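Subject: Handing over a structure, with notes on what is in it

Dear colleague,

I am passing on to you the structure shown below, together with its sequence. Please have it open while you read the notes that come after it.

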Amino acid sequence: MKLMYLLGTVALLSAEVACQSDQESTQSPAPVSSSVYKENDSRDVAPTTPNQNGARALAASSSQQQDVLALINQARSKPCQCGTVTYPAVPALVLAAQLNAASDKYAIDMATYNRFSHTGRDGSQPWDRMSREGYVWRSAGENIAAGYSTPQAVVDGWLRSPGHCKNMMSAAFRDIGIGYGYASTSTYRHYWVTDFGARQ
């Protein structure tokens, strides 16, 4: 299992944390994941045309979205150790339609075009894709993952990673969008995106 950040690649150890279940084991191929976070400094992102996603990939079902939301909110409902830092319980996140659209479109795009990066094929960053959907954010973050076949597995994977866990436990976020893309021809098949935000 490996973890990719914007600044480099590090090994990820499967350490149990207080807010994580132990129901799923590592799958093959080795899942990969990445997290990113940005505070709003200026709002001059130019609108651009959304990506055209190929028809090969399948999108998230509302059931998958509700399962991921419930698991993340379960973790947020009590103190959670992310690496060496323990975060206090924080309010539950609420699904936001605009963040769902950004997350789903991007997960489908990664699955369709066999890519794994926070940077879109058009050079967009997570906050650009959120803005395109009309979400006016004060703070924004994104977790992505690939190779996990179930909501439980992907949330557990993120909880084992300090950066992803921090995004999920951040009191700066109030809203969430949850996306999933599947393509049998892609390297990892299963691609997940959670976009986190708080409105201005």
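What follows is a description of some helices, cores, ring pairs and single residues, in that order.

Please bear in mind throughout that this is a predicted model.

I begin with helix α2, which covers residues 97-113. Its 17 residues should span 24 Å at 1.5 Å a residue, and because the end C-alpha atoms are 24 Å apart, the expected and the computed length agree. Of these 17 residues, 12 are buried, so the helix is largely enclosed by the rest of the structure. Among the buried ones are Leu99, Asn100, Asp104, Tyr106, Asp109 and Met110, and the elements against which the buried residues of α2 pack are α1 (62-76), β6 (94-95), α3 (126-132), β7 (137-146), β8 and β9. Ala101 also belongs to helix α2, but with a relative accessibility of 22% it counts as partly exposed, because buried would require a value under 20%. The C-alpha atoms of Ala101 and Ile178 lie 8.4 Å apart in space, although 77 residues separate the two in sequence.

Directly after α2 comes Asn114, which is placed in the loop between α2 and α3. The phi angle of Asn114 is near 55 degrees, a positive value in a residue that is not glycine, and Asn114 is partly exposed, at a relative accessible area of 38%. Arg189, in the loop between β8 and β9, likewise has a positive phi, of about 65 degrees, without being a glycine; with 42% relative accessibility, Arg189 counts as partly exposed.

Helix α5 is the next element to look at. Here 6 of the 8 residues are buried, so α5 is largely enclosed by the rest of the structure; the buried ones are Gly163, His164, Cys165, Asn167, Met168 and Met169. For His164 the relative accessible area is 0%, and its side chain is joined to that of Ser161 by a polar contact of 2.4 Å.

Met169 leads on to the nonpolar interior. In soluble globular proteins, nonpolar side chains tend to be buried together. In this model the largest nonpolar core has 26 residues, and Met169 and Trp192 are those with the most contacts inside it. The elements that contribute two or more residues to this core are α1, β4 (80-82), α4 (151-160), α5, β8 and β9. Leaving aside residues up to four places away in sequence, Met169 touches Ala75, Arg76, Lys78, Cys80, Cys82, Tyr87, Pro88 and Val90. There is also a second, separate core, which has 11 residues and includes Ala107, Phe116, Ala146 and Val193.

I turn now to the aromatic rings. A pair of aromatic rings is described by the distance of the centres and the angle of the planes. The count here comes to 2 aromatic pairs. One of them is formed by Phe173 and Phe196, whose ring centres are 5.4 Å apart and whose planes differ by 20 degrees, a stacked arrangement. This pair links distant parts of the chain, since Phe173 lies in the loop between α5 (162-169) and β8 (175-182) while Phe196 lies in strand β9 (residues 190-199), 23 residues apart. Both Phe173 and Phe196 are buried. The rings of Tyr180 and Trp192 have planes at 50 degrees and centres 4.5 Å apart, so that pair is tilted. Tyr180 in strand β8 and Trp192 in strand β9 are 12 residues apart, and their pair, too, links distant parts of the chain. Tyr180 is buried, at a relative accessible area of 7%, and Trp192 is buried as well, at 1%.

Finally, there are charged groups placed over rings. The charged end of Arg129 sits over the ring of Tyr106, 3.5 Å from the ring centre, and Tyr106 is one of the buried residues of α2. Arg121 lies over the face of Tyr113, where the distance to the ring centre is 3.7 Å.

If you want a place to start, I would suggest Trp192, which is one of the residues with the most contacts inside the largest nonpolar core and also forms the tilted pair with Tyr180.

With best regards

Note on methods: Residues numbered from 1 in each chain as written. Predicted model: local features only at pLDDT ≥ 70, side-chain atom pairs only at ≥ 80, totals over all residues. Heavy atoms only, no water. Phe/Tyr/Trp six-rings, centres within 6.5 Å; stacked < 30°, edge-to-face > 60°. Helix = DSSP H or I, 4+ residues; strand = E, 2+ residues; numbered from the N terminus. Buried < 20%, exposed > 50% of the residue type's maximum accessible area, 1.4 Å probe, protein only. Lys NZ or Arg CZ within 6 Å of the ring centre and 35° of its normal. Polar contact = N/O pair within 3.5 Å; in protein donor to acceptor, adjacent residues only side chain to side chain. Expected span 1.5 Å × (residues − 1). Contact = heavy atoms within 4.5 Å. Core = buried A, V, L, I, M, F, W, Y, C linked by side-chain atoms within 4.5 Å.
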